[in-house]
Each structure stands twice: as C-alpha cells, then as structure tokens.
Amino acid sequence: MSDTERTGPTGDDDLSLPKATVQKLINEMMPQDVVCTKEARDLLIESCVEFIHLIASEANDICDKETKKTIAGEHVVSALKALGFEEYVDDVEEVYKEHRQQQKDRDKRSSRLEKTGISEEELLRQQELLFEQSRLKYEAQQ
C-alpha cells in the first residue's frame with residue numbers, strides 16, 4: 001500500500017487513537033508516581049498510528065503477493081516477522097488465538113437462539129406479551 005493509497009479521502013490527519021483510552025493504558029502500565037505529559041501521550045499516539053500504518057502496509061503487500069483481497073491475522077504475523085519484530089510474534093499469536101476462540105464462543109451464543117426452534121414471529125409475539133404484562137404491572141402500581 002503506497003502513501004497515496006493510505007491517504008484516502010479523509011487523509012492521515014484524521015486518523016488517531018482515542019486519547020482517553022491511550023491515557024488509561026499509560027496509567028495502567030506506569031508506576032503510580034510517574035506522570036505522563038499530554039505531549040508525551042500525543043507522541044505515543046502518533047507513534048502507534050505510524051506503527052499500525054507500517055504493519056498494515058506490509059500485511060497488505062503480503063496479502064497482494066498471495067492474491068488475497070482481505071488481510072488476515074496470518075498476514076499481520078508475517079508482516080511483523082518481515083519487518084524485524086519477531087519478539088512480538090509469540091504474544092500476537094497468543095492474542096490472535098484468544099480472539100478466534102472468543103469469536104467462536106460468540107457465534108455459539110448467537111446460534112443458540114436459532115437452535116430453539118422458535119420462529120421469529122413467535123419470539124416477537126412473546127416479547128410483545130412480556131411488554132404488555134410489564135406495562136399492566138407498572139400501571140397497577142401507579
């Protein structure tokens with residue numbers, strides 16, 4: 001991915017990370033007696049955004065070489081290795097493995113409703129009945 005591809009209609013100036021989230025991460029990682037200035041936080045944000053661009057660009061190049069249209073986690077891991085960040089690969093692979101497991105668990109939960117065998121219309125009818133019962137109970141208390 002070239003710089004012109006990266007600076008689409010919005011441009012790089014619009015890309016950032018949430019300052020409050022970054023500040024929270026900084027606070028969690030630093031000792032209690034260490035203070036981080038706003039300038040340092042902003043520099044960390046800019047550095048993180050640039051790092052993400054670097055990894056995403058390399059992952060995109062790897063993806064292109066494989067004639068794939070979607071960057072996958074494996075492409076990100078390959079990009080880390082290609083760019084000399086091997087020391088991060090084990091941690092990234094572990095987090096990626098956990099993420100895939102969470103996705104599987106989430107998919108199981110969402111399909112649980114489908115496995116009940118109750119039609120969408122019946123579920124809607126049951127919901128409306130519950131709302132009506134709740135409304136009647138509320139009105140009786142007034």
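User: Where is isoleucine 45 found, and why is this residue called buried?

Analyst: In this predicted model, isoleucine 45 is part of helix H3. Its relative accessible area is 5%, and buried means under 20%, so isoleucine 45 is classed as buried.

User: What makes Ser16, Leu17, Lys19 and Val22 contacts of isoleucine 45?

Analyst: Contact means heavy atoms within 4.5 Å. When residues up to four places away in sequence are not counted, isoleucine 45 touches Ser16, Leu17, Lys19 and Val22, so each of them has heavy atoms within 4.5 Å of isoleucine 45.

User: How far apart are isoleucine 45 and glutamine 23 in sequence and in space?

Analyst: The sequence separation between isoleucine 45 and glutamine 23 is 22 residues, and their C-alpha atoms are 9.7 Å apart.

User: Why does arginine 41 count as buried, and which residues is it in contact with?

Analyst: Arginine 41 also has its place in helix H3. Its relative accessibility is 11%; the cut-off for buried is under 20%, and arginine 41 therefore counts as buried. With neighbours within four places in sequence left aside, arginine 41 is in contact with Lys19, Val22, Gln23, Ile26 and Cys36.

User: What makes cysteine 36 and cysteine 63 buried?

Analyst: Cysteine 36 has a relative accessibility of 17%, and cysteine 63 has a relative accessible area of 1%. Both values lie under the 20% cut-off, so both residues count as buried.

User: How many disulfides does the structure hold, and what would make a pair of cysteines count as one?

Analyst: The structure holds zero disulfides. A pair of cysteine sulfur atoms would have to lie within 2.5 Å to count, so no pair of cysteine sulfur atoms in this structure meets that limit.

User: Where does histidine 75 lie, and why is it called buried?

Analyst: Histidine 75 lies in helix H4, which spans residues 73–82. Its relative accessibility is 6%, which is under 20%, and it therefore counts as buried. The buried residues of H4 are Gly73, His75, Val77, Ala79 and Leu80.

User: What makes the pairing of histidine 75 with glutamate 66 a polar contact?

Analyst: The two side chains are 2.8 Å apart in this contact. The limit for a pair of N or O atoms is 3.5 Å, with one atom able to donate a hydrogen and the other to accept it, so the pair qualifies as a polar contact. Glu66 also appears among the residues in contact with histidine 75 beyond four places in sequence, together with Ala59, Ile62, Cys63, Lys68 and Thr70.

User: Why is threonine 67 called exposed, and what is its phi?

Analyst: Threonine 67 lies in the loop between H3 and H4. Its relative accessibility is 70%; exposed means over 50%, so the residue falls in that class. Its phi is positive, at about 50°, although threonine 67 is not a glycine. Just after H4, glycine 84 has a positive phi of about 90°.

User: Which residues line the largest pocket, and which element gives the most to the lining?

Analyst: The largest pocket holds about 350 Å³ of space. Its lining consists of Leu17, Pro18, Thr21, Val22, Leu25, Ile26, Met29, Met30, Leu44, Ser47 and Cys48. Helix H2 (19–29) and helix H3 (38–65) are the elements that give two or more residues to this lining, and H2 gives the most, with five residues.

User: How is the lining of the largest pocket divided by class?

Analyst: This lining has nine nonpolar, two polar and no charged residues. Thr21 and Ser47 belong to the lining. Neither threonine nor serine is in the nonpolar or charged list, so Thr21 and Ser47 count as polar.

User: What lines the second largest pocket, and how do its residues divide by class?

Analyst: The second largest pocket has a volume of about 200 Å³ and is lined by Cys48, Phe51, Ile52, Ile55, Leu80, Tyr88, Asp91 and Val92. H3 supplies the largest share, four residues, and helix H5 (86–114) supplies at least two. The lining has seven nonpolar, no polar and one charged residues. Asp counts as charged, so Asp91 is the charged residue.

User: How many helices and strands does the protein have?

Analyst: The protein has six helices and zero strands.

Technical notes. Residues are numbered from 1 along each chain as its sequence is written. This is a predicted model: local features need pLDDT of at least 70, side-chain atom pairs count only at pLDDT 80 or more; totals for chains, interfaces and linings use all residues. Side-chain values use heavy atoms; hydrogens and water are left out. Buried means under 20% relative accessible area, exposed over 50%, partly exposed in between (1.4 Å probe, protein chains only). On a 1 Å grid over the protein atoms alone, a cavity is a set of points where a 1.4 Å probe fits but cannot get out, and a pocket is an open set with protein on both sides within 12 Å along at least five of seven lines; lining residues have an atom within 4 Å of a point. Grid points are joined across faces, edges and corners, and a volume is the space filled by probe spheres set on the points.
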